[in-house]
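Work through the following exercises with the sequence and the model in view. Each task is followed by a solution that proceeds step by step.

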Amino acid sequence: MRLIGLISAPVRLVLFVLYVLLGLFLTMVLFRFFSWATRQHLIRTWSRCLLVILGVRLSVDNPPARLPMRGMLVGNHSSWIDIFVANAVQPVRFIAKSEVRDWPVIGILVSSVGTLYVERGNRHAITSTNREISAAAKNGDLVGLYPEGTTTNGTYILPFKSNLFQPAIDNEMHLYPLGVTYTQNGLYTPHAAYEGDTSLMSSLWQIASSGGVTAHARYGAVIPAAQFSARHELAKAAQNAVARLIGQEVMPDDVYAQVQTGV
């Protein structure tokens with residue numbers, strides 16, 4: 001399987017580049033002529049095809065009870081393709097770190113489909129992002145949030161940061177927990193992980209040459225944000241729901257820091 005992956009990887013990467021360029025053309029030139037519903041359909045279809053090109057099989061093991069979802073989608077984060085896994089089920093306006101905006105090609109693409117950005121460590125920027133989240137919710141969009149604040153290797157979950165949960169309470173939004181894991185031959189695989197110093201190009205090669213990865217998407221029961229008076233409580237409830245969906249433990253911040261430093 002791995003040999004086949006190595007042989008097919010160059011072809012997959014060429015197709016990926018061409019397909020991303022097609023996506024740029026659609027979003028930057030043609031989207032203005034399409035209705036909101038047509039755009040949503042195109043993003044969903046485009047995302048599904050992107051996964052196929054990379055050799056990633058999508059398995060929605062526990063689909064959402066009802067579509068379309070309205071409110072906030074909250075999930076774990078181990079790979080940059082998490083975004084396309086979610087969009088393949090229903091298009092989402094994700095909140096991403098501001099660095100993503102500067103990624104070659106991909107940054108332009110995700111920006112053109114309505115991605116919201118936040119500058120980590122900047123309180124004033126978080127306030128501005130919260131206002132954008134509220135506006136998107138009032139527009140009926142599904143806003144996507146990865147509250148861990150970074151990517152993991154997919155074997156654990158980090159504590160959810162609560163800064164961006166306040167708009168969910170203020171607007172009485174529904175929260176939809178989503179757990180995404182990646183397997184190969186039925187077992188966990190690190191090929192999709194985008195952790196640490198991994199570059200986008202090396203991650204692309206890792207996925208394309210893997211010989212086939214399955215992305216498992218599991219949706220949990222809706223969490224009504226109106227039931228919570230504090231964002232910390234809501235973040236904890238969402239964190240526990242996602243952890244249960246994928247059967248993983250939450251790694252405390254101090255333990256994670258030790259792992260990262262090798263102490």
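**Exercise 1.** In which sense do β6 and β8 run, and how many bridges join them?

Solution. Before starting, note that this is a predicted model, in which local features need pLDDT of at least 70 and side-chain atom pairs count only at pLDDT 80 or more, while totals for chains, interfaces and linings use all residues. Residues are numbered from 1 along each chain as its sequence is written, and side-chain values use heavy atoms, with hydrogens and water left out.

Step 1: fix the vocabulary, in which helices (H or I, at least four residues) and strands (E, at least two) are DSSP runs numbered from the N terminus, and two strands pair if DSSP finds at least two bridges between them. Step 2: β6 and β8 run antiparallel and are joined by 6 bridges, with Thr-181 standing opposite His-216 in β8. Step 3: turn to strand β1 (residues 56-62), which runs parallel to β8 and is joined to it by 6 bridges; here the bridge partner of Ser-59 is His-216. Step 4: consider burial, where buried means under 20% relative accessible area, exposed over 50%, and partly exposed in between (1.4 Å probe, protein chains only). By this criterion 6 of the 7 residues of β8 are buried, so that the strand is mostly covered.

**Exercise 2.** Determine how the side chains of strand β5 are directed, and identify partners of this strand.

Solution. Step 1: recall that in a regular strand the side chains alternate between the two faces of the sheet. Step 2: in strand β5 (residues 142-145), Leu-142 and Gly-144 point one way, Val-143 and Leu-145 point the other way, and all are buried. Step 3: strand β2 (residues 71-75) runs parallel to β5 and is joined to it by 4 bridges, and Val-74 stands opposite Leu-145. Step 4: strand β3 (residues 93-97) also pairs with β5 in the parallel sense, over 2 bridges, with Arg-93 opposite Val-143.

**Exercise 3.** Describe the surroundings of Ser-210 and the helix that precedes its loop.

Solution. Step 1: locate Ser-210 in the loop between α7 (200-208) and β8 (213-219). Step 2: Ser-210 counts as buried because its relative accessibility is 1%. Step 3: list its polar contacts, a polar contact being a pair of N or O atoms within 3.5 Å, where within protein one must be able to donate a hydrogen and the other to accept it, and residues adjacent in sequence count only if both atoms are side-chain atoms. The side chain of Ser-210 reaches the backbone oxygen of Ile-207 at 2.8 Å and the backbone nitrogen of Gly-212 at 3.3 Å. Step 4: Ile-207 is itself one of the buried residues of α7, alongside Leu-200, Ser-203, Leu-204 and Ala-208. These residues cover an arc of only 125 degrees around the axis, which puts them on the same side of α7; the arc is that of the directions from the helix axis to the C-beta atoms.

**Exercise 4.** Classify the ring pairs that involve Phe-84, and place them within the wider set of aromatic pairs.

Solution. Step 1: rings of Phe, Tyr and Trp (its six-membered ring) pair if their centres lie within 6.5 Å, and planes under 30 degrees apart count as stacked, over 60 as edge-to-face and the rest as tilted. Step 2: a search of the whole structure finds 6 aromatic pairs. Among them, Trp-46 and Phe-84 have ring centres 6.0 Å apart and planes at 55 degrees, so the pair is tilted. Step 3: this pair links distant parts of the chain, as Trp-46 in helix α2 (residues 36-54) and Phe-84 in helix α3 (residues 82-87) are 38 residues apart; Trp-46 and Phe-84 are both buried. Step 4: the rings of Trp-80 and Phe-84 have their centres 6.1 Å apart and their planes at 85 degrees, so this pair is edge-to-face, and Trp-80 is likewise buried. Step 5: ring pairs link Phe-16, Tyr-19, Trp-46, Trp-80 and Phe-84 into a cluster.

**Exercise 5.** Examine the backbone at Pro-68, Glu-172 and Asn-185.

Solution. Step 1: most residues other than glycine have a negative phi, and most peptide bonds are trans. Step 2: the peptide bond from Leu-67 to Pro-68 is cis, with omega near 0 degrees, and Pro-68 is in the loop between β1 and β2. Step 3: Glu-172, in the loop between α6 (166-170) and β6 (174-184), has a positive phi of about 50 degrees although it is not a glycine. Glu-172 counts as exposed because its relative accessibility is 58%. Step 4: Asn-185, in the loop between β6 and β7 (187-188), has a positive phi near 55 degrees and is exposed, with a relative accessible area of 64%.
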